Amino acid sequence: MKRWNGWGSDKVKAPLPKAAHSYLADVIGPSKSGPTANFDGLCRRLPKSRLPKNPLISTEPGLRLRHARGQSLPDWIALRFGTIDRFPDGVAQPSSEEEVVKLIAFARETGTRLIPYGGGTSVVGHINPPEDNQPLLTVNMGRIRSLFDMDELSRLATFGAGVIGPHLEAQLRAHGYTLGHFPQSFEYSTLGGWIATLSSGQQALYYGRIEDLFAGGRILTPVGNLDLPPFPATAAGPDLREMVLGSEGRLGIITRATVRISPLPQRENFHAVFFPDWSQGVVAVREMAQERLPLSMIRLSNTVETVTTLILAGQERLVRLLHRLLRARGLGEDKCLLFFAVTGSSGVVRRTRRLALEVARDHGAVYVGRGMGNEWRKSRFTTPYLRNTLWDCGYAVDTLETAFPWSSLPAASEAILKSLSEGLNDISERVLAFAHISHVYRSGASIYVTYLFRLAKTAEDTLARWKRLKEAASEAIVAHGGTISHQHGVGIDHLPWLKAEKGELGLRALATLAKLFDPDGIMNPGKLVKGE
Ligand SMILES: Cc1cc2nc3c(=O)[nH]c(=O)nc-3n(C[C@H](O)[C@H](O)[C@H](O)COP(=O)(O)OP(=O)(O)OC[C@H]3O[C@@H](n4cnc5c(N)ncnc54)[C@H](O)[C@@H]3O)c2cc1C
């Protein structure tokens, strides 16, 4: 069963290797196990539902609790310490577009607020109930998940928006196709959620980000339906898909989406190389991006992330051998790990691998083969399970991400990491912060940062630690001209920094759009744009 207060299936465990325990105790400090609230106890504390009865809506406390929070660190803190105090008044799980229309009509008649819900994997508070005097209804789209249509000649497939990654891929694979959208939350996140948050998959370099994959679809809004035909391209004025991409449930409910699919690749390989240091790695991946090498993934870890990855791998003997080998080839303490993937026909894969290795070697890299890359690929969706284990060991883990032009990326990433590593110095708490470049473009790249710190004794103090770190890093991002999110979206956690990149007029335009589609302010209030 899906964990109600952690990541993923409760059948999947991710034990920490012994070396990782002592590493964390060394760099952050020893810790005691983190708290875990009791599900039944919390269910008993749920306030009475404010919703009038409706056959499409359940007010069962367990279901309401399971839909009350996503996966942000504040969500974890509220769920694990048991301090959660806001819940939807009910949950609907519509099976058809007709039922979604009925739910929107019900909400308009009764003044109920609607929270569209995909897989609940948001890490920025997208699906959290706001403080509100009106009843709140979460609309879980998980039952609208069929493959409605497939146009193989045009390589287009239309799915119900509630389909989760594995089901979408399985249905396409049966016909010899893939969407190729693999966010790390793949197991649980949905097509509708990807569109509504402008998500990016790990192999977006080859398959494209969700905005490249989303060809059209249907969004049911409080004032009518918006149908977006899947044109290959259009010059008929501004592209209306852009309003839906990143709309975060504010305009309506996406019920179906037509996506651009690709044939399953003939071959795909993941490779690993080590650079002598971060700066040489950054130059190399920039050249790969700007030379337009047809790679499907580039993931360059900084030194601290490289060290941490190798320790978490748990293969102590093999890792010792690897260090020895790399030392013999002139790579020391500052080395940085790059995973790159090549996808396509056998000829393209061979040629691209050769070209990528030529660029890497020009910058001092040592190639260590496919073994590590393929291991990384195998475990890429299970890594988030470590969050459960780390919490049990008393450590909080959070991530943040942004993107910069190449010219400002080195200074910006250094400033962000410094803001985190030194963020709790005054209370003598240490923070382990590390980063990787996760997506590359010709003009710049995204930086994905992970940071760990010790849980405090209370939820309040733990949240205060997180707030200080999040604010310091977000200020550093904005000060260096980065975007407040490259792939996670705005939700509530990024709202304070949105003005820095959208400007006053830009924010007004977004608010006006929300008002147009949702005049009564019933759609996911408080997210993306302030107010209703
Ligand atoms: C461990 C982990 C790893 C992650 N890795 C990545 C990653 O690699 N790349 C990435 O981009 N993100 C990643 N994320 C973030 C998250 O998975 C994405 O934001 C994802 O797109 C959310 O999809 P969801 O279906 O879970 O949406 P939810 O979390 O349920 O909802 C997110 C937002 O979308 C809206 N929404 C959902 N469905 C609909 C719909 N049908 N119609 C209208 N609005 C809708 C909701 O109202 C809400 O505002 C990760 C999260 C976790 C926890």
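A helix here is a DSSP run of H or I with at least four residues, a strand is a run of E with at least two, and both are numbered from the N terminus. The structure described with these terms is a predicted model.

## The ligand and its surroundings

Which element contributes most to the shell around the ligand? Helix α7 does, with five residues. The elements that supply two or more residues to this shell are β3 (113–117), α7 (191–197) and β10 (253–260). In total, 35 residues surround the ligand, and those that come nearest are P116, G118, T121, S185 and T190. Sorted by class, the shell holds 13 nonpolar residues, 21 polar residues and one charged residue.

Polar atoms of the protein also lie beside oxygen atoms of the ligand, as the following table shows for T121, Q184 and Q487.

| Residue | Polar protein atom | Distance to a ligand oxygen atom |
|---|---|---|
| T121 | side chain | 2.6 Å |
| Q184 | backbone | 2.8 Å |
| Q487 | backbone | 3.3 Å |

The ligand taken alone exposes 970 Å², and the protein buries 98% of that area.

## Helix α11

Helix α11 comprises residues 278–290, 13 residues in number. From its first C-alpha to its last it reaches 18 Å, close to the 18 Å expected at 1.5 Å a residue.

Which residues of α11 are buried? They are W278, G281, V282, A284, V285, M288 and A289. These buried residues lie on the same side of α11, because they cover an arc of only 165° around the axis. A general property of helices is relevant here: an α-helix has 3.6 residues a turn, so residues three or four places apart point the same way.

## Two residues with positive phi

After α11 comes R292, whose phi is positive, near 55°. R292 has this positive value although it is not a glycine. This residue is found in the loop between α11 and β13 (295–301).

A second residue other than glycine with a positive phi is N524, where the angle is near 35°. N524 lies in the segment after α19 (498–517).

Is each of these two residues buried or exposed? The cut-offs are under 20% relative accessible area for buried and over 50% for exposed. R292 has a relative accessible area of 55% and is therefore exposed. N524, at 2% relative accessibility, therefore counts as buried.

Terms used
Residues numbered from 1 in each chain as written. Predicted model: local features only at pLDDT ≥ 70, side-chain atom pairs only at ≥ 80, totals over all residues. Heavy atoms only, no water. Near = heavy atom within 4 Å. Polar contact = N/O pair within 3.5 Å; in protein donor to acceptor, adjacent residues only side chain to side chain. Areas by Shrake-Rupley, 256 points an atom, 1.4 Å probe, with all protein chains shown as cover. Nonpolar A, V, L, I, M, F, W, Y, C, P; charged D, E, K, R; others polar. Expected span 1.5 Å × (residues − 1). Buried < 20%, exposed > 50% of the residue type's maximum accessible area, 1.4 Å probe, protein only. Arc of directions from axis to C-beta.
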